[in-house]
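This report goes from the whole chain down to single residues. Please keep the model open while reading.

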Amino acid sequence: MASVKVESLTPPMILGEGPHWDQEAAVLYFVDLHGSTLNKYDPATGKHTSTKKFDERCVGFSIPIQGQENKFAVGVGRDLAIITWNGENGGPQNIETILTIETDPDQSGNRFNDAKADPNGRLWAGSMGAMIKPGEFERECGSLYSISKERNVVTHVTKVGISNGLAWSKDLKHFFYIDSHITKVFKFDYDAATGSISNRRSLFDFETHGISGFPDGMTIDSADNLWVACFSGGQVICINSKSGHLIRRVNIPAPNVTSLAFGGPELDELYVTTASKNMTQEQLKKYPSAGALFKVTGLGVKGMPGTAVQL
């Protein structure tokens, strides 16, 4: 196996999140959640572009829409919007809100967080509660939803703290999910035809394995091993999705690792987003690249491309 190399690719952002590798375009899309921007990184040119800040609310995710050029499904606060962006600096060109979740007045502080399209193009998106103080959020106020191309919303999990990582097994028989308030990776049975999940159980417990920080974003490789970002842990860990055994760790030079996705021509490059928000001056001096997008090479594994949303 080649030696593992970790390199920063972009200037630091406030809170990078939601990396999505577009295999057809051969580019990576991601968001600056608190900067409220959509971002694009082209590894062929090394060019990083972003929208201007287009909303005062958090932008939780951005996923290309299948068959619609320059259009993305984006979580903006509690709104699901279709945003048109040409991938260049500036814009976006258009924003169309198509639905709003959790409209009760007592949920006004809630917002969308992580999201992905399942292998059939169905959007899965989770929510979380309002921030009480830096680094602390209301507990059990969020939910996990799926949204069909007909825009029907189905609630799958309730009383979620911070809805985060999502992944599906290669055979589409299992779904993996993270609620960051519960320091565990959960495994469900998955019905690809109906998009239903059942039989929730704990696959991996951070506390039991002595892993510092909280599980955040997640992806899966072609061998069905899970890769999990460790917020406040400064690393990425790899877990066997069948046995729950810890396979390996990869240190990232940023304390708050938020999410990750495989990409590159051979899908053997791991792109990792990080955050600089709420770091002290001392921490920022020690980790000057915190908040950047990183690339990890030499892992000796391959992932799968992101799936575009059908909307």
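## Overall fold

Helices and strands here are DSSP runs, numbered from the N terminus; a helix needs at least four residues and a strand at least two. The model is predicted. By that count the chain holds 1 helix and 26 strands. Its radius of gyration is 18 Å, close to the 19 Å of the globule rule for 311 residues, so the chain is as compact as a globular protein of that length. The C-alpha trace spans about 45 × 45 × 40 Å along its principal axes.

Of the 311 residues, 57% are buried. Take the contacts with a separation of 6 or more: 49% of them link residues 24 or more positions apart.

## Surface and charge

The accessible surface of the chain is about 13000 Å². Carbon and sulfur atoms own 47% of that area. The chain carries 30 positive and 34 negative charges. The mean positions of the two sets lie 3 Å apart.

## S127 in strand β11

Is S127 buried or exposed? Its relative accessibility is 0%, and the limit for buried is under 20%, so S127 counts as buried. The residue sits in strand β11, which runs over residues 123-128.

Which side chain does the side chain of S127 meet in a polar contact? The partner is E102, at 2.6 Å. E102 also appears among the residues that S127 touches beyond four places in sequence. That list includes I101, R111, F112 and N113. Further along the chain, it includes G142, S143, Y145, V160, G161, I162 and S163.

## The loop between β5 and β6

K53 and D55 share a setting: K53 is found in the loop between β5 (47-50) and β6 (59-64), and D55 is in the loop between β5 and β6. K53 has a relative accessible area of 44%; it is partly exposed because that value falls between the 20% and 50% limits. Beyond its neighbours within four places in sequence, K53 contacts G35, S36 and T37. From K53 to G90 the C-alpha distance is 8.8 Å, while the two are 37 residues apart in sequence.

What does the side chain of D55 reach at 2.8 Å? It reaches the backbone nitrogen of R57. Leaving out residues up to four places away, D55 touches S36 and V76. S36 is thus in contact with K53 and with D55.

## Backbone exceptions

Most residues other than glycine have a negative phi, and most peptide bonds are trans. Three sites in this model depart from that pattern.

S36 is not a glycine, yet its phi is positive, about 55°. It lies in the loop between β3 (27-32) and β4 (37-42). At 1% relative accessibility, S36 counts as buried. K159 also has a positive phi, near 55°, and is a residue other than glycine. K159 lies in strand β15, residues 153-160. Its relative accessible area is 59%; the cut-off for exposed is over 50%, so K159 is exposed.

Where is the cis peptide bond? It runs from G91 to P92, with omega near 10°. P92 lies in the loop between β8 (79-84) and β9 (94-100).

Note on methods:
Residues are numbered from 1 along each chain as its sequence is written. This is a predicted model: local features need pLDDT of at least 70, side-chain atom pairs count only at pLDDT 80 or more; totals for chains, interfaces and linings use all residues. Side-chain values use heavy atoms; hydrogens and water are left out. The radius of gyration is taken over C-alpha atoms; the globule rule is 2.2 Å times the number of residues to the power 0.38. Buried means under 20% relative accessible area, exposed over 50%, partly exposed in between (1.4 Å probe, protein chains only). Contact means heavy atoms within 4.5 Å. Accessible areas come from the Shrake-Rupley method with a 1.4 Å probe; for residues, only the protein chains shown count as cover. Lys and Arg count as positive and Asp and Glu as negative; His and the chain ends are not counted. The place of a charge is taken as NZ of Lys, CZ of Arg, CG of Asp or CD of Glu. A polar contact is a pair of N or O atoms within 3.5 Å; within protein, one must be able to donate a hydrogen and the other to accept it, and residues adjacent in sequence count only if both atoms are side-chain atoms.
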